[in-house]
Amino acid sequence: QGGGVFRVRGKDVTKVFDVSGIEAFSSGGESGLLSIAVRGDSFYLAYTLHTFPEGDNTATTVIVNEYTRRFKLLRNVASIGFPTSWHHGGTLGFDEKGSLYLSTGDGEGRDPQNLAQDRRALQGKILRFDVSDNDPKPEVVARGLRNPWKFSVDQRGRMFIGDVGGIWREEINLIADLYSSSV
């Protein structure tokens with residue numbers, strides 16, 4: 001969460017990259033380095049920046065960037081704004097076909113802006129990116145999520161999503177077929 005990326009080989013642990021030096025990087029609470037995914041020679045990192053629009057000290061942007069193995073920035077895959085410093089989601093992962101997925105939270109508790117249900121918004125969703133495209137656009141795979149903090153894709157193309165519930169309950173959602181799902 002603090003921004004460090006480490007390589008572990010046996011008992012040897014080496015810091016290889018640190019996003020905390022990026023201007024406006026924010027950590028603590030539900031912010032920071034949220035997830036790392038690796039595909040081929042590329043690393044994908046999801047992390048948060050505080051954006052501070054006009055007097056607001058809580059607005060946050062989730063950034064997904066692609067880096068080389070030596071952590072040279074290749075491109076920005078996504079920049080998604082959130083109204084608060086919590087409920088970002090932020091998990092990254094690949095499916096068997098090589099598509100990159102990002103979970104996004106609703107950006108605030110109880111979703112007063114109805115972002116998770118809004119088909120035009122990117123918050124409260126599972127998003128898919130074709131990273132083989134030079135300019136990957138987000139495709140909404142699932143919507144209506146509160147704060148999907150973890151997910152896993154199995155070899156059958158199913159996604160299991162851990163979503164934060166209210167005070168007393170947590171939620172697990174299943175997308176039975178990532179490739180035929182429509183939202």
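In which sense do strand 9 and strand 10 pair, and over how many bridges?

I looked this up first. Strand 9 (residues 125-129) and strand 10 pair in the antiparallel sense over four bridges; pairing requires that DSSP finds at least two bridges between two strands. Strands here are DSSP runs of E with at least two residues, numbered from the N terminus. Ile126 stands opposite Ala142 in strand 10.

The model is predicted, so I note that local features need pLDDT of at least 70 and side-chain atom pairs pLDDT 80 or more, while totals for chains, interfaces and linings use all residues. Residues are numbered from 1 along each chain as its sequence is written, and side-chain values use heavy atoms, without hydrogens and water.

Next, the sheet. I found an open sheet of four strands in the order 7-8-9-10, with antiparallel pairing. Strand 7 and strand 10 (139-143) are at the edges with a single partner strand each, so one side of each has no neighbour in the sheet.

Then I turned to the largest pocket (an open set of points on a 1 Å grid over the protein atoms alone, where a 1.4 Å probe fits, with protein on both sides within 12 Å along at least five of seven lines). I noted 13 lining residues, meaning those with an atom within 4 Å of a point; Glu30, Leu34, Gly89, Asn147 and Trp149 lie nearest the centre of the pocket. Strand 3 (33-39), strand 7 (89-94) and strand 11 (148-153) each give two or more residues to this lining. Strand 7 gives the most, three residues.
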